[in-house]
Amino acid sequence: MSDLSDDDFDAAPAPAPVADAAVVVPCAPSGDVAEHSWRIDVPGATVHAQVIRMVDQLMVWVGAAPPGIAPTHGDVAMALPGRPGSSAGGMPPATTLLGGGAGARSSSAAVKDSAGMVDGASEPMARRLARRTGMCVVCSVNVPLELADLALFAERQVVAKCGELGLFES
């Protein structure tokens, strides 16, 4: 043991195989989660949208791309429903979870992020949907800068779909 070599120690036993601890429990669909996806072909692009409704949360993804190019998923924001009578003027609190997000708020012109997308479109849309639905909203709007006008068009389509689904507070 004076030379600190491994020869002086017994070999460690091989680790015992561990069974997978995951347990899969089958659940019958209860209607707690509903997914709605659609796409709209417009001149020069295709707008894809997805709304996932959960018990107290709404997830919205919007992507637009020229024909033949797949839409991306990048900028993500989240807004919480505001408390009734809060001093924030009814504007729900929101934050950007992924992506830049701050560029479009500083001016009215569309701002390009590092991926060539309209920057900051997710957070305002999440705020507006959270205010109208009274739910937590996670939103991702991914529209290339050259198709920036489609962001507003896509939001109108999402609002129409949410209205069809009866998600707006009365």
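**View 1. An open sheet of six strands runs in the order β1-β2-β3-β6-β4-β5.** This is a predicted model, and the pairing in its sheet is mixed. At the edges sit β1 (34-42) and β5 (94-98), each of which pairs on one side only. From one strand to the next, the twist averages 15°. As a reminder for the bench, strands of a sheet pair through backbone hydrogen bonds, in either a parallel or an antiparallel sense.

**View 2. Here we zoom in on β4 and β5, which pair in the antiparallel sense.** Strand β4 covers residues 76-79 and joins β5 over four bridges. Look for Ala77, which stands opposite Thr96 in β5.

**View 3. Helix α1 packs on the sheet.** This helix spans residues 122-133 and touches β3 (57-65), β4, β5 and β6 (136-142). The direction of α1 makes about 145° with that of β6.

**View 4. Helix α2 lies across β1, β2, β3 and β6.** Residues 149-164 form α2, while β2 covers 45-53. Helix α2 runs at about 140° to β1.

**View 5. Arg132 lies over the face of Phe168.** The distance to the ring centre is 4.1 Å. Arg132 falls within the 122-133 stretch of helix α1.

**View 6. Lys161 lies over the face of Trp38.** Here the distance to the ring centre is 5.2 Å. Lys161 belongs to helix α2 (residues 149-164), and Trp38 to the edge strand β1 (34-42). And how many aromatic pairs does a search of the whole structure find? The count is zero.

Notes
Residues numbered from 1 in each chain as written. Predicted model: local features only at pLDDT ≥ 70, side-chain atom pairs only at ≥ 80, totals over all residues. Heavy atoms only, no water. Phe/Tyr/Trp six-rings, centres within 6.5 Å; stacked < 30°, edge-to-face > 60°. Lys NZ or Arg CZ within 6 Å of the ring centre and 35° of its normal. Pairing = 2+ DSSP bridges. Helix = DSSP H or I, 4+ residues; strand = E, 2+ residues; numbered from the N terminus. Axes fitted to C-alpha atoms, helices over the stretch in contact; angles between N-to-C directions. Contact = heavy atoms within 4.5 Å.
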